[in-house]
Amino acid sequence: MEGSTNELRHILSTPPPNWQPPPGGGPSNPITILHASLEHIRNTGDEQYLFIRVILEVLHAHGFLSNSGDNNNSSSIAMTPLSNDEEQLLFHCVTGLRHVILYKWEEYTTSFKTTVRNMLLAVGLGLNINNNNIQLPRTVAMACLSCCSAFWKRGWSTLGCSTSPTNATAKDDQQAYLISLMTGIPTMFDSNSGGDEIQSLFGYLNTLLSSPFDQQQQQQQQSQYTATMTASFLSLLVGEFTGGNSSSARYNLPLEFHRHTFHLFESGSDDYEISVNVKKSGLDLTLHSSMSALSSLVGYTLNNNNNNNNVDESILELGSSIINVTCDVLSWEFGAGSSKWDFANGNKNRGSNSVLLRPPQRWREVLINPEFLGAMINVYSAIRIGRNGTSLSSSLITKRGNMAHLLRQLLLLLSSIAGGPIFTNESERGAYAGFIIDGCLNVLETILTEQQQHGQLQEGSAAGDLLSAEIVDLTTILSRSTTNFNIKILSQLPSFPRYLSALCTMGKWLLESSLAECKRVEGDVECMEGVEWRNDAVGQILQCSDAMADDYWLVSGSGGQEAVAASQALASMLSPLYGPYCLCRIQMSCLEEHFMTREGADLDEIREFISAFGLEEEMTSAASLGRLNVLASMSTLSGMFQQCMPRLLALFEGAGSGGDMTPEMAALLEEARMLILCAGHLLTDDCVGETPAIPESIINSCQPNRGADGESCTSSIASLVDLLKSVSEAQAMKVASHPADPRLSPLLAKTLLWFFRRWAPAYILPSSEEYRENQAGGILSAYSTPETAQPTISFCTTLCLLYFCHWPQEKEVQDESTSLLLELAKKGPFVRSLMVNSPSFEKTAALHSVCASLRHNASQEEISTVMSAVNGDLSIDAVRGYQRLPYVDRARVLTCLVVACSSMEDDKSNAMLNACLEAVKAPFTSLVQALA
């Protein structure tokens with residue numbers, strides 16, 4: 001064996017056969033030659049067994065593999081650390097050995113493969129290490145464990161079966177010699193026990209995992225390291241079976257092999273009809289090992305670490321590894337064995353499509369244990385850093401923070417366990433959810449109390465970064481629990497009021513902190529610290545409210561008095577968050593707009609698009625929060641509108657007086673735009689592809705049986721709509737006379753059109769077929785007659801007409817204008833009749849008829865001639881403006897006209913439709929004739 005390292009180094013420094021140097025004529029790079037030679041050895045199968053020989057020689061030379069069977073080196077060798085070059089060489093030898101054996105698996109004897117596998121496991125776990133101050137480099141140890149896990153997977157389906165060749169060969173003699181060099185490996189388990197080899201492996205691993213918690217202090221250091229590496233090996237083993245396509249090429253086997261071993265590891269049976277053989281299921285054995293170790297860890301931590309600052313760092317590393325493998329097992333995709341690697345069956349349901357976990361019933365005793373869950377939460381409370389991070393070493397902060405993060409990930413997985421056979425009844429689900437939520441609330445309330453007493457931690461500090469990650473994770477756990485266990489179960493918990501109060505308080509604190517930070521940097525959002533994690537946490541809180549507010553049990557009215565009580569609790573304890581949300585988000589947007597205008601900053605279109613998309617999602621969730629108490633939310637918005645709109649109308653009055661856009665003007669326009677967005681999301685839903693309808697919560701809040709509150713709610717909605725009409729009209733009239741004035745905002749116009757596009761089709765002439773029989777009166781009656789609907793229809797058509805004629809080049813404004821008309825036209829025959837009877841709609845049709853045959857450079861005389869042939873009170877300026885509309889927008893206007901005039905029994909509609917089509921027919925016929 002001696003000289004193997006020098007032999008390999010010599011080969012790696014020599015170009016392989018048929019190697020072509022890179023073009024250019026310069027000297028060859030030694031690193032390039034090394035990698036080419038290494039790849040050549042791997043591809044040719046390492047016929048001289050250099051990889052394994054070098055591994056044994058280096059490990060023996062440094063004392064990591066003593067008593068290797070070499071008579072000349074029978075004495076014990078003192079342990080010495082590896083050099084950097086030896087570490088790299090050993091790493092590449094281990095990965096090369098994995099490649100060679102997996103590719104030529106059948107050419108090696110079973111005893112050789114088993115011995116190499118066990119040797120790699122012993123080295124990776126550090127079983128031969130007798131010096132606590134010297135350990136194998138982690139990169140090499142993990143490479144050994146990864147290689148071992150691959151060999152276990154490769155032979156998983158043939159454990160207990162002999163696959164050795166019957167005739168001895170020269171290769172067998174070489175392998176036997178190499179086996180003799182590895183006789184110094186500690187006896188771990190019986191590799192010749194046939195089908196019980198799996199049980200022997202996991203029994204031995206269980207012993208290693210539990211040993212650190214049973215020994216005296218002076219014996220623990222080495223056992224803790226071994227247990228940590230054992231947990232890492234289990235994670236690698238689970239990952240190897242779930243690796244799928246990423247590892248399929250390394251095995252030189254078809255995808256069917258991975259599908260088969262996936263099922264074997266999950267169920268322990270070759271028969272796909274058998275659900276599980278627990279004694280042979282690697283997954284169940286891994287879960288048992290990890291949960292047993294986790295239980296020992298919990299008990300050890302609670303009994304031996306009363307002082308949070310004296311937690312042993314090695315225990316923290318061990319705990320992190322144990323928790324990590326537990327998370328890996330819980331994330332297993334059950335039932336995916338038949339389709340996980342089958343691309344042809346893309347329609348099959350896969351576990352990864354859902355954030356909820358559906359473990360089998362046999363895991364019930366392990367997972368559904370409230371006492372253990374509570375103890376684990378207590379461990380988390382003891383491990384978390386909190387405000388103590390300022391007095392701890394950086395190493396301890398990192399390790400405690402990592403273990404705390406993994407504990408939160410484990411709690412997130414446990415909160416994702418869906419209902420089914422694993423729970424016996426809803427009461428058990430409720431008790432289980434209560435333990436998780438109470439634990440999270442305890443920590444969140446501690447954080448809020450510390451912030452009130454001591455102020456916020458500095459952003460960017462180690463403790464501050466850990467705290468921000470902790471808040472995001474805890475709110476994510478609460479969001480997942482709310483989605484999973486639903487409000488019907490949560491509302492029965494004693495801690496439900498406390499839960500709602502904590503969500504509201506935490507949300508207010510996060511929003512106010514973001515606003516304070518935005519004020520500190522004067523609107524320069526690029527310089528804001530901590531805004532990302534605060535937004536993430538606020539988003540999770542809004543998802544909690546969204547999941548509860550939109551729950552069918554509440555909305556349908558079928559929940560009885562329990563649902564009524566839950567609704568009242570939501571309205572009184574969670575809905576107060578809506579006002580601070582709107583206020584903080586609007587003020588932050590105003591500050592940002594003020595800064596950008598003052599600095600003359602250029603807009604990043606991609607960033608703006610992403611920001612707008614995120615804002616849309618956030619406001620949709622916030623709308624559910626506001627609908628918990630519609631009257632209070634409308635009162636909040638009305639107060640903010642009353643403060644903003646007089647200043648906005650005064651701004652419009654100054655149009656035409658000259659001047660440039662100032663930061664104050666930009667901030668005011670942004671304030672108005674954000675207010676309209678809040679109102680639009682609160683009062684309407686995005687009904688793309690569906691029949692527009694008034695949200696259920698709005699209807700219920702405006703019901704006459706609610707007495708004065710119902711009347712006030714209906715009145716406040718009508719007043720708000722009238723206010724937005726007046727603002728839209730004020731700007732549109734100024735656009736008609738001063739279209740280029742900077743005080744007039746196309747973005748604001750687009751937002752107003754967006755509001756009416758969502759609001760008008762839902763609220764105007766609502767169909768009784770879309771609502772329940774007991775839903776009558778209130779907001780449903782506000783615009784339910786032609787007399788009350790006609791003014792709003794005329795307003796919408798007039799608004800669109802003004803923008804067609806005076807802002808023809810504002811694409812987004814034109815998109816919203818045509819969308820508004822089309823949504824109204826698709827509402828039904830009654831709305832179409834009102835549109836046709838609107839004078840502004842008639843003018844739109846007349847403008848289309850006039851401009852359909854006009855060239856863009858038509859003279860005023862030509863325009864006058866065409867105008868005289870069309871009935872309609874049109875002006876030259878209106879025709880000139882409409883003529884400047886891009887063809888794509890004019891085509892969309894024609895679509896609106898055709899749909900609105902599609903009621904064939906209406907003579908006026910028929911006449912208008914014929915005029916529009918005739919106007920297109922004449923120029924189109926001329927074009928066809930010219931082309932012919």
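The buried residues of helix α25 are covered by a set of elements that includes α23 (578-599), α24 (605-626), α26 (663-683), α27 (696-701), α28 (708-737) and α29 (746-763). This is a place to enter the structure, which is a predicted model, and the helix itself deserves a closer look before the rest of the chain is considered. Helix α25 takes in residues 630-653, and because its 24 residues should span 34 Å at 1.5 Å a residue, the 33 Å found between its end C-alpha atoms agrees with that expectation. Along the way α25 has a kink of about 30° at Cys-644, shortly before the proline Pro-646. Cys-644 also belongs to the buried residues of α25, which are Val-630, Ser-633, Met-634, Leu-637, Met-640, Phe-641, Cys-644, Met-645, Leu-648, Leu-651 and Phe-652. When reading such a list it helps to recall that an α-helix has 3.6 residues a turn, so residues three or four places apart point the same way.

Stepping back to the whole protein, the reader will find 38 helices and zero strands. Of its 932 residues, 53% count as buried, while the surface that the protein exposes comes to about 40700 Å², with carbon and sulfur atoms supplying 51% of that area. Among the contacts with a separation of 6 or more, 78% are accounted for by residues 24 or more positions apart.

Another helix that can be checked for its length is α19, which runs over residues 496-520. Its 25 residues should span 36 Å at 1.5 Å a residue, and because its end C-alpha atoms are 36 Å apart, the two values agree. After α19 comes Glu-522, a residue whose phi is positive, near 60°.

Charged side chains offer a further way through the model, since a search of the whole structure finds 29 salt bridges. One of them joins the side chains of Glu-197 and Arg-117, with 2.5 Å from N to O. This pair links distant parts of the chain, for Glu-197 lies in helix α8 (residues 197-210) and Arg-117 in helix α5 (residues 110-125), 80 residues apart. Both Glu-197 and Arg-117 are buried.

A second salt bridge is formed by Arg-364 and Glu-428, whose closest N and O atoms are 2.7 Å apart. Here too distant parts of the chain are linked, with Arg-364 in helix α14 (residues 364-367) and Glu-428 in helix α17 (residues 426-454), 64 residues apart. The two partners fall on either side of the 20% cut-off for burial: Arg-364 counts as partly exposed because its relative accessibility is 22%, whereas Glu-428 counts as buried because its relative accessibility is 19%.

Helix α17 also holds a salt bridge within itself, in which the side chains of Arg-429 and Glu-426 meet at 3.8 Å, N to O. Arg-429 and Glu-426 are three residues apart in α17, about one turn of the helix. Arg-429 is buried, because its relative accessible area is 8%, while Glu-426, at 48% relative accessibility, counts as partly exposed. Elsewhere in the model, salt bridges that share partners join Glu-313, Glu-317 and Lys-399 into one network.

The path ends at helix α38, which covers residues 907-931 and contains Leu-931. Leu-931 is exposed, because its relative accessible area is 69%, and together with Val-920, Phe-924, Leu-927 and Val-928 it makes a nonpolar surface patch of about 480 Å². Ala-911 is also found in α38, and this residue is partly exposed because its relative accessible area is 47%. Between Ala-911 and Cys-901 there are 8.7 Å in space, C-alpha to C-alpha, and the two are ten residues apart in sequence.

A last residue to look at is Ser-849, which is found in helix α34 (residues 839-851). Ser-849 counts as buried because its relative accessibility is 13%. Leaving aside residues up to four places away in sequence, Ser-849 touches Val-870, Ala-915, Cys-916 and Ala-919.

Conventions. Residues numbered from 1 in each chain as written. Predicted model: local features only at pLDDT ≥ 70, side-chain atom pairs only at ≥ 80, totals over all residues. Heavy atoms only, no water. Helix = DSSP H or I, 4+ residues; strand = E, 2+ residues; numbered from the N terminus. Expected span 1.5 Å × (residues − 1). Patch = residues over 30% accessible without salt bridge, like charges linked within 9 Å, V, L, I, M, F, W, Y side chains within 5 Å. Areas by Shrake-Rupley, 256 points an atom, 1.4 Å probe, with all protein chains shown as cover. Salt bridge = Lys/Arg side-chain N within 4 Å of Asp/Glu carboxyl O. Buried < 20%, exposed > 50% of the residue type's maximum accessible area, 1.4 Å probe, protein only. Contact = heavy atoms within 4.5 Å. Bend = angle between axes of the 7 residues up to and from the residue.
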